[in-house]
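User: I am new to this structure and would like to learn how to read it. Could you walk me through some of its features?

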Amino acid sequence: MGDIAPSFAFHDLAPSQESFRDAVLAGLGRDPKTLPCKFFYDARGSALFEKICRLIELGSGASHKVRILLEALDRPAAYVAVDISREQLRRAAARLAADFPKLAVVAVCADYTRSFVLPELPGPDGKRVGFFPGSTIGNFEPRQVVAFLSDWAKLLGPGGEMLIGADLKKDPAILNRAYNDKAGINAAFNLNLLTRINRELGGDFDLDRFAHVAFYSEAEGRVELYLKSLAEQTVVAAGQRFRFGAGELIHTENSYKYAIDEFRALAAVAGFEPVHSWTDRHQLFSVHYLRRT
């Protein structure tokens, strides 16, 4: 019997270049200024994020975790990878298809924070299980967590289940050290947003005149990330000029941390019931298995 040819399909539903431009112009035009964290993930940002995952996260979107899951499943019919980073997704999914030739692999380049329609999936109908490792869910406001899980409850259909990671609340000193790591990986990840604006939108941000700022807000239960202007300056992006005062902040990300009961409560509002939850022995990170009610 000859080798089995891998099954691989790629669907590009990603937002256009124009949506990045619109988001940047709208965010820099606000007071206070903001930039959407979903645009962190160009090719370099995605690579930096993988380093961050190895540095501080116990569960990330790295492909080796997907491989562990697939190897543990009993005859999965198909694996659907959804990500906004087009080229990284294409490469990772193609490698996975080559390594699992009996598995139908479908890659969907999409903004998973918005509703979208899954393409027709190969193979027989069966239970759909969503896999959302890492702590990316923490980037959503709590009301957005409910909306996100509600959308996925619809996508997964009756009997659908989710395996999802959420960072736990912990000693603020641990979080502040992690998001201000000595290697500067988080800083590079944050500042890469400005590099992307320079490259894709004709920006002229001088990265030496901006600094990474991150701290844990115990009252809000979240780590807040900013880029701070180190001087009074005017910057061009997409043909428009923006003034910055010395010390002015651009808000780039929130990363919420949840107690297990807090996360389960949000999932319940979205139409999921908890089946099981796991934590590491240091109680730093949690993984939840949910079933659609």
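Analyst: Let us go from the overall fold to one helix, its core and a pair of strands. This is a predicted model, in which local features need pLDDT of at least 70, side-chain atom pairs count only at pLDDT 80 or more, and totals for chains, interfaces and linings use all residues. Residues are numbered from 1 along each chain as its sequence is written, and side-chain values use heavy atoms, with hydrogens and water left out.

User: How many helices and strands does the protein have?

Analyst: Helices (H or I, at least four residues) and strands (E, at least two) are DSSP runs, numbered from the N terminus. Here there are eight helices and 13 strands. The radius of gyration, taken over C-alpha atoms, is set against a globule rule of 2.2 Å times the number of residues to the power 0.38. The protein has a value of 20 Å, close to the 19 Å the rule gives for 293 residues, so it is as compact as a globular protein of that length.

User: Is α7 mostly covered or mostly open?

Analyst: Buried means under 20% relative accessible area, exposed over 50%, and partly exposed in between (1.4 Å probe, protein chains only). In α7, 12 of the 17 residues are buried, so by that cut-off the helix is mostly covered. Among the buried ones are Phe 189, Leu 194 and Ile 197. Just after α7, Gly 202 takes a positive phi of about 60°.

User: Which element gives the largest share of the largest nonpolar core?

Analyst: In soluble globular proteins, nonpolar side chains tend to be buried together. A nonpolar core is a set of buried Ala, Val, Leu, Ile, Met, Phe, Trp, Tyr and Cys residues joined through side-chain atoms within 4.5 Å. The largest one here has 30 residues, and Leu 194, Ile 197 and Phe 205 are among those touching the most other members. Its largest share, seven residues, comes from α7.

User: What is Ile 197 in contact with, leaving aside its neighbours within four places in sequence?

Analyst: Contact means heavy atoms within 4.5 Å. The partners of Ile 197 include Phe 20, Val 24, Leu 35 and Phe 205.

User: How many bridges join β6 to β13?

Analyst: Two strands pair if DSSP finds at least two bridges between them. Seven bridges join β6 (residues 161-167) to β13 (residues 285-292), and these strands run antiparallel. Glu 161 has Arg 291 as its bridge partner in β13. Strand β12 (residues 272-279) is also antiparallel to β13, joined by seven bridges, and there Glu 273 stands opposite Arg 291.
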